[in-house]
Amino acid sequence: MKPLCALLLFLVSLSGCGGGGASGPADAGVGLDAVTGVSVTGADPIAFKARTVLRAVVEGTGTFSADVTWSIMSGPGRLSSVGGSSVAYTAPFVREDTRVTVQAVSQADSSKVGVFTFTVSRAPAARRMAGIYDSVLSSVTSPGGPSGSSQPWPYTLAVVSDTQVRLTPVSGFSAGVLVDVGEDGTLTLPAIASARTPYDEYCIRQYLLGDAASPVAGAGTWDEEGNLSLSWVERLAQECNGPPWGQHWSSEWRTTYELTGVRMPDAPPASAVDFLVGHHPGKYVGLEEKTVPGHSPTTKLWDVPMSLYMERVDDTQMRVRKVSSPPPTIDSWPGIFVDVFEDGTFEMPASTFAPYSGGEDCEWQFFIGDSGSLEPGTGTWDVWGNVTFEWIGRYRHDCIDSEDRHYVTRTRNSFKSEW
């Protein structure tokens, strides 16, 4: 029996074989695997519709998985995945500062949980006030001009930037006019002049917002309940050279407008995908960096008009392709797949496309996203059809006949529709 006991003692550090009695230090236990906690870090606060990365650290002793299972405990938004040691969170449009709590549960020990709470900052006032207003427009015109009136009319305030909206319709300004928006709800209508256009074969007309001596044409207020009040001065100047004796004469009418309205509830389409199908003319900006082995990187800036065509794939995904013109022709390239969310956001998943021949013994390969990055492309859409995209694109170019024709380009791209 003693050889057997010796073998057992060697393998499992047992005591008590062959006449031993007291237990030794081997009973203390070493090398135990145990998770002691999970911590989560990230940015706080983050902007509405922004994207941020949250990271979890699983702490403990021994060997264990560093992965966690992610979920949103409270608040809006989306997570890019449910597993892994880090995750990307996308915030939606919010009208008020909104608290969000995300939890990370250790996959090695589900009793160990990390929690992170942060704030999604509300959208700027210019974006919160955008919409269609059930309005009444009153006007008082100087003697000799068109008679004053008071009539109901729907007015639209469309987002131009975080500090400006576009008001339509405005007489004499077919594209509408810009309104500056303060975070306190104050509105300012800058003075502006339309182009001089023929009225008939003898007369030229021009519309002007504001009095000649002031850079401001009007002012108003807006509140969180959607109440809008805006007043402005508009002038109609006319200059004529006409019969019967070629007289030259000019006139000007001055009208004061008072607009009051209430923002109508949003009526988003039943399906965002179906709503967004079609052409989206806009502007493309790309900053390309080209890297050739043995050479310094070179850069090129693209800033050109571009149209994108969005095709329906299924209820939650679209394919985006470039439109070439003239004539308008949808690019034959397979395009980029984009996930569409009902909260007004897009996501362009990081992806690798199959290599293809570029001719002249060359091979191309296209990638969406940086290598190893958690950050896919992102974008936004709204109920007026405005879309934006931002993404990283990479090309690998290899030719067998020249070292200088082996290179990689990395481009930071953006697109904004312009209606």
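Is Arg410 buried, partly exposed or exposed? Arg410 counts as partly exposed, at 30% relative accessibility. Here are some notes to read alongside the structure, which is a predicted model.

1. **How far to trust the coordinates.** A word on confidence before the details. The chain has a mean pLDDT of 82, and 84% of its residues reach 70 or more. Residues 1-30 are the stretch to treat with care, since their pLDDT is below 50. Beyond near neighbours in sequence, that stretch has 10 contacts in the model. Where pLDDT is low, the predicted coordinates should not be read in detail.

2. **A four-stranded sheet.** Let us start with the strand order. Four strands form an open sheet in the order β1-β2-β6-β4, and their pairing is antiparallel. The edges belong to β1 (34-41) and β4 (78-79); each has a single partner strand, so one side of each is left without a neighbour in the sheet. Strands of a sheet pair through backbone hydrogen bonds, either parallel or antiparallel.

3. **Pairings made by β2.** To follow this sheet on screen, pick out β2, which covers residues 51-61. Seven bridges connect β2 with β1, and the two run antiparallel. Ser39 has Val57 of β2 as its bridge partner, while Val38 stands opposite Val58 of the same strand, β2. Strand β2 is also joined to β6 (residues 86-90), by five bridges and again in the antiparallel sense. In that pairing, the bridge partner of Val53 is Ala88 in β6.

4. **A closer look at Val57.** This residue of strand β2 is a handy one to display. With a relative accessible area of 46%, Val57 is partly exposed. Leaving aside residues up to four places away in sequence, Val57 touches Gly37, Val38 and Ser39. The C-alpha atoms of Val57 and Thr41 are separated by 8.5 Å, and these two residues are 16 residues apart along the chain.

5. **The strand β29 and its two faces.** Which residues lie on the covered face of β29, and which on the uncovered one? Gly377, Gly379 and Trp381 make up the covered face, and Thr378 and Thr380 the uncovered one. Strand β29 pairs with β25 (residues 345-348) over four antiparallel bridges, with Thr380 in β29 as the bridge partner of Thr345. Four bridges also join β29 to β30 (residues 387-399), once more antiparallel. There, Trp381 stands opposite Val387 in β30.

6. **Arg410 and its partner.** Back to the opening residue. Arg410 forms a salt bridge with Asp370, and their closest N and O atoms are 2.9 Å apart. Arg410 lies in strand β31 (residues 407-417) and Asp370 in the loop between β28 (362-368) and β29 (377-381), so this pair ties together parts that are 40 residues apart in sequence. Asp370 is partly exposed, with a relative accessible area of 27%.

7. **Other salt bridges.** How many salt bridges does the structure hold? The count is 19. Side chains of opposite charge can pair when their charged atoms come close. One of the salt bridges is between Glu224 and Arg122, at 3.6 Å from N to O. Glu224 is in the loop between β17 (216-222) and β18 (227-242), and Arg122 is in the loop between β8 and α2 (125-128), so the pair ties together parts that are 102 residues apart in sequence. Both ends count as partly exposed: Glu224 at 37% relative accessibility and Arg122 at 31%. Another salt bridge links Lys112 and Asp109, with 3.2 Å between the closest N and O atoms. Lys112 has a relative accessible area of 24% and is partly exposed; Asp109 is partly exposed too, at 23%.

8. **A shared network.** Some of these charged residues do not act as isolated pairs in the model: salt bridges that share partners join Glu96, Arg122, Arg128, Glu183 and Glu224 into one network. It is worth showing these side chains together.

9. **A nonpolar patch on the surface.** Finally, a look at Met73, Val113 and Val115. These residues form a nonpolar surface patch, and together they have about 250 Å² of accessible area. Val113 sits in strand β8 (residues 113-120) and counts as partly exposed, with 37% relative accessibility.

Key: Residues numbered from 1 in each chain as written. Predicted model: local features only at pLDDT ≥ 70, side-chain atom pairs only at ≥ 80, totals over all residues. Heavy atoms only, no water. Pairing = 2+ DSSP bridges. pLDDT = per-residue confidence, 0-100. Contact = heavy atoms within 4.5 Å. Patch = residues over 30% accessible without salt bridge, like charges linked within 9 Å, V, L, I, M, F, W, Y side chains within 5 Å. Areas by Shrake-Rupley, 256 points an atom, 1.4 Å probe, with all protein chains shown as cover. Salt bridge = Lys/Arg side-chain N within 4 Å of Asp/Glu carboxyl O. Buried < 20%, exposed > 50% of the residue type's maximum accessible area, 1.4 Å probe, protein only.
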